[in-house]
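Work through the following exercises with the coordinates open beside you, and try each task before reading its solution.

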Amino acid sequence: MFLSPMIESYFSSISAASVTEAFSWLLLAIFIASVALAWARRGKKFTAYSPTLMTSLGILGTFVGIVIGLMHFDTADIDGSIPILLGGLKTAFITSVCGLVGAVVFTSLNTVVFSNRKAAAVEE
């Protein structure tokens with residue numbers, strides 16, 4: 001009973017836009033780090049896990065966005081609550097799309113570009 005009100009209070013105090021911004025920057029940082037490590041042929045464990053990490057963070061952002069939208073939803077003022085709910089849903093879908101796009105693009109780069117670099121390095 002103690003933890004639930006604390007969590008609700010936290011989600012009520014943050015905005016959907018700030019969550020979108022934070023998740024977007026985090027996903028971009030993971031993507032850039034993954035590309036740099038794969039290009040340098042380092043961090044094999046991290047680069048192998050990064051598509052899963054980006055997808056998981058995108059899904060986490062989805063749930064956080066939905067929770068934020070629902071925390072501010074007031075059934076007594078549905079018309080006034082709709083914009084806030086839609087802001088949370090925008091966060092939900094933007095973070096999902098960013099996570100999935102990052103994972104797909106990195107996986108494609110890793111498969112096509114970086115694996116060719118590795119093969120060329122082995123042949124030399």
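**Exercise 1.** Determine in which helix Ser-34 is found, whether Ser-34 is buried or exposed, and which residues Ser-34 touches beyond its sequence neighbours.

*Solution.* Begin with the secondary structure of this predicted model, in which Ser-34 belongs to helix α2, spanning residues 16-39. Next, take the relative accessibility: the value for Ser-34 is 0%, and because buried means under 20%, Ser-34 counts as buried. Finally, leave aside residues up to four places away in sequence, and the contacts of Ser-34 are with Phe-46, Thr-47, Ser-50 and Phe-106.

**Exercise 2.** Describe the order of elements in the protein chain and compare its radius of gyration with that of a compact globule of 124 residues.

*Solution.* Counting elements gives 4 helices and 0 strands, and read from the N terminus the order is α-α-α-α. For the second part, a compact globule of 124 residues would have a radius of gyration near 14 Å, whereas the protein chain has 19 Å. The box filled by the C-alpha atoms, taken along the principal axes, is roughly 70 × 30 × 15 Å.

**Exercise 3.** Characterise the burial, the contacts, the exposed area and the charges of the protein chain.

*Solution.* First, 30% of the 124 residues count as buried. Second, among contacts with a separation of 6 or more, 74% join residues 24 or more positions apart. Third, the exposed area is about 7800 Å², of which carbon and sulfur atoms supply 72%. Last, the chain carries 7 positive and 7 negative charges, whose mean positions lie 26 Å apart.

Definitions and conventions:
Residues are numbered from 1 along each chain as its sequence is written. This is a predicted model: local features need pLDDT of at least 70, side-chain atom pairs count only at pLDDT 80 or more; totals for chains, interfaces and linings use all residues. Side-chain values use heavy atoms; hydrogens and water are left out. Helices (H or I, at least four residues) and strands (E, at least two) are DSSP runs, numbered from the N terminus. Buried means under 20% relative accessible area, exposed over 50%, partly exposed in between (1.4 Å probe, protein chains only). Contact means heavy atoms within 4.5 Å. The radius of gyration is taken over C-alpha atoms; the globule rule is 2.2 Å times the number of residues to the power 0.38. Accessible areas come from the Shrake-Rupley method with a 1.4 Å probe; for residues, only the protein chains shown count as cover. Lys and Arg count as positive and Asp and Glu as negative; His and the chain ends are not counted. The place of a charge is taken as NZ of Lys, CZ of Arg, CG of Asp or CD of Glu.
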